[in-house]
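Please open the structure in a viewer and keep the sequence panel visible. The stops below proceed from the whole chain to individual residues.

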Amino acid sequence: MSTLAHRDTADHKSLSERYEDVKNVLRDQSAQIRLPEFLMFFSLIFYTATPGLGLPLNQVMVIVIVLYGLTRKPVYSLNPVSGLIALFIIMLLYVALVSYNATPTEFAADWTRRFLRLAATTGLIFVLASGQIHFKSAIYGYVTAILVNIPLFYAGIAPDNYPGYLTGYLIDKNVAGMVYCLFGILMVAMVTRRTHKVGFFAIFAVLLWLTGSRTSLGAFAMAFVWILLAPKLPFLGRAFLGFAIYWGIRLLNDDYAQAGAFADRVGSDLLRERIDTAAWERVQQTPFFGQGLGEAYVYFPEQNRDFFFHNSYWSAFVEGGWPWAIFVVAVTVFAMVRPFSKSSRWTPQQVVAQGLGIALLICAWRLGEVLYTLYWAICMGFALRTVLIERAENDGPMNGIDQHIEHKNTLVS
């Protein structure tokens with residue numbers, strides 16, 4: 001009897017020790033970075049044309065990333081979001097059909113090239129969500145790129161298209177503002193210590209100020225207002241908070257857009273207003289099913305120059321009509337902000353995903369092409385990932401982000 005009891009105890013210790021070994025392996029691996037993802041996402045900052053293809057390097061790299069991800073085994077099953085995948089496919093086919101049957105205007109972008117970009121962007125969402133791309137390595141790679149961009153910009157090496165404002169390899173100050181906003185929020189999610197979170201918030205707030213993007217600054221602030229307050233509120237309270245955020249952003253734009261440090265924006269704001277007026281005319285001329293991909297632009301003959309819309313909602317409507325606009329906005333709201341879900345069940349990362357959704361919805365109002373872009377896809381992949389992790393079985397607590405790197409030579413039996 002004593003021998004049997006001793007054997008049971010030994011077996012029990014053995015299982016406990018092996019369980020601790022597994023935890024130690026995961027803990028050690030969580031600090032690692034997978035080099036392919038790090039380098040591929042680092043390269044996404046470059047808009048330089050790819051030799052022989054005529055496409056920007058970052059667009060080519062999105063395709064490469066998706067193809068690379070498809071060669072790897074998913075960490076999480078996509079079955080819980082299979083209906084969403086089907087909806088994405090249906091809507092892509094819809095907007096392709098609209099574009100194929102539409103008569104393009106003189107200065108419209110090639111719709112087939114834009115469709116390829118949308119398809120690759122969709123693939124990026126799901127290889128990120130499923131863990132086929134190591135998320136931590138991906139985010140750290142891109143964040144490293146946008147941080148390296150800063151000294152290169154101020155050293156005069158990176159492009160300076162908007163003198164006085166931080167742009168660099170991000171080319172446009174609105175794009176720069178949106179990028180530093182979204183990835184600042186993501187970095188707060190990637191670290192666990194409160195001091196690190198506060199530090200990244202402060203660093204990216206300063207970087208946002210340097211870009212001069214007023215909308216991005218507002219989006220960054222309102223995202224964290226949501227992250228801090230929304231988990232404590234019932235549904236009606238969150239609805240009121242959402243309305244207050246909308247009202248606050250409108251007030252800042254209408255009454256304080258040229259206040260203080262932004263007093264010199266009169267000329268650029270007049271151009272923006274002119275673009276918005278012309279864009280609204282195109283919106284009013286758009287039929288129910290839209291005008292096709294590549295049509296969200298205005299052309300000023302006296303300047304012999306075309307401009308993309310500043311309003312991403314209008315862009316979605318002009319390109320794909322009401323079905324496409326409703327789909328893009330709805331999937332952003334319901335997959336990221338999740339207004340009808342119970343706050344008691346939210347993980348910390350799901351709250352951050354909601355903050356990203358709030359920031360994207362604000363940026364989409366004034367910063368041009370925001371919805372259904374590379375940056376939107378990364379945020380969407382993060383949001384869906386938090387849902388898949390919550391529903392995954394036998395994964396254990398991983399703080400809402402799967403960060404471990406599989407070691408083929410590590411066997412736990």
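Display the accessible surface of the chain: in this predicted model, its area comes to about 20500 Å². Carbon and sulfur atoms account for 64% of that surface. Of the 413 residues of the chain, 48% count as buried.

Now change to a cartoon representation. The chain contains 14 helices and 2 strands. If contacts are then considered between residues at least 6 apart in sequence, 74% of them join residues at least 24 apart.

Next, select residues 214–229, which form helix H9, and residues 348–366, which form helix H13. How do these helices pack? Their axes lie 8 Å apart and make an angle of about 150 degrees. Because an angle over 145 degrees counts as roughly antiparallel, H9 is roughly antiparallel to H13. The crossing of H9 past H13 is right-handed.

Show the side chains where these two helices meet. From H9, the residues to display are Thr-215, Ser-216, Ala-219, Met-222, Ala-223, Trp-226 and Ile-227. On the H13 side, they meet Val-351, Val-352, Gln-354, Gly-355, Ile-358, Ala-359, Ile-362, Cys-363 and Arg-366.

Cys-363 leads to the next stop, the cysteines. How many disulfides does the structure hold? The number is 0. Select Cys-181 together with Cys-363: the sulfur of Cys-363 is the nearest cysteine sulfur to Cys-181, at 4.8 Å, and Cys-181 is in no disulfide. A disulfide would require the two sulfur atoms to be within 2.5 Å. Cys-181 is also buried, with a relative accessible area of 0%.

Add Cys-379 to the selection. Its closest cysteine sulfur is that of Cys-181, 8.7 Å away, which is too far for a bond. Cys-379 is likewise buried, and its relative accessible area is 0%.

For the last stop, select Ser-130, which lies in the loop between helix H5 (111–129) and helix H6 (135–154). Is Ser-130 buried or exposed? Ser-130 is buried, with a relative accessible area of 0%. To see what surrounds this loop residue, leave aside its neighbours within four places in sequence and display Pro-74, Val-75, Tyr-76, Leu-78 and Leu-388, with which Ser-130 is in contact.

Conventions:
Residues are numbered from 1 along each chain as its sequence is written. This is a predicted model: local features need pLDDT of at least 70, side-chain atom pairs count only at pLDDT 80 or more; totals for chains, interfaces and linings use all residues. Side-chain values use heavy atoms; hydrogens and water are left out. Buried means under 20% relative accessible area, exposed over 50%, partly exposed in between (1.4 Å probe, protein chains only). Helices (H or I, at least four residues) and strands (E, at least two) are DSSP runs, numbered from the N terminus. Contact means heavy atoms within 4.5 Å. Accessible areas come from the Shrake-Rupley method with a 1.4 Å probe; for residues, only the protein chains shown count as cover. Axes are lines fitted to C-alpha atoms, for helices over the stretch in contact, and angles run from 0 to 180 degrees between N-to-C directions. Angles under 35 degrees count as roughly parallel, over 145 as roughly antiparallel, 65 to 115 as roughly perpendicular and the rest as oblique. A crossing is left-handed if the near helix is turned anticlockwise from the far one by less than a right angle, and right-handed if clockwise.
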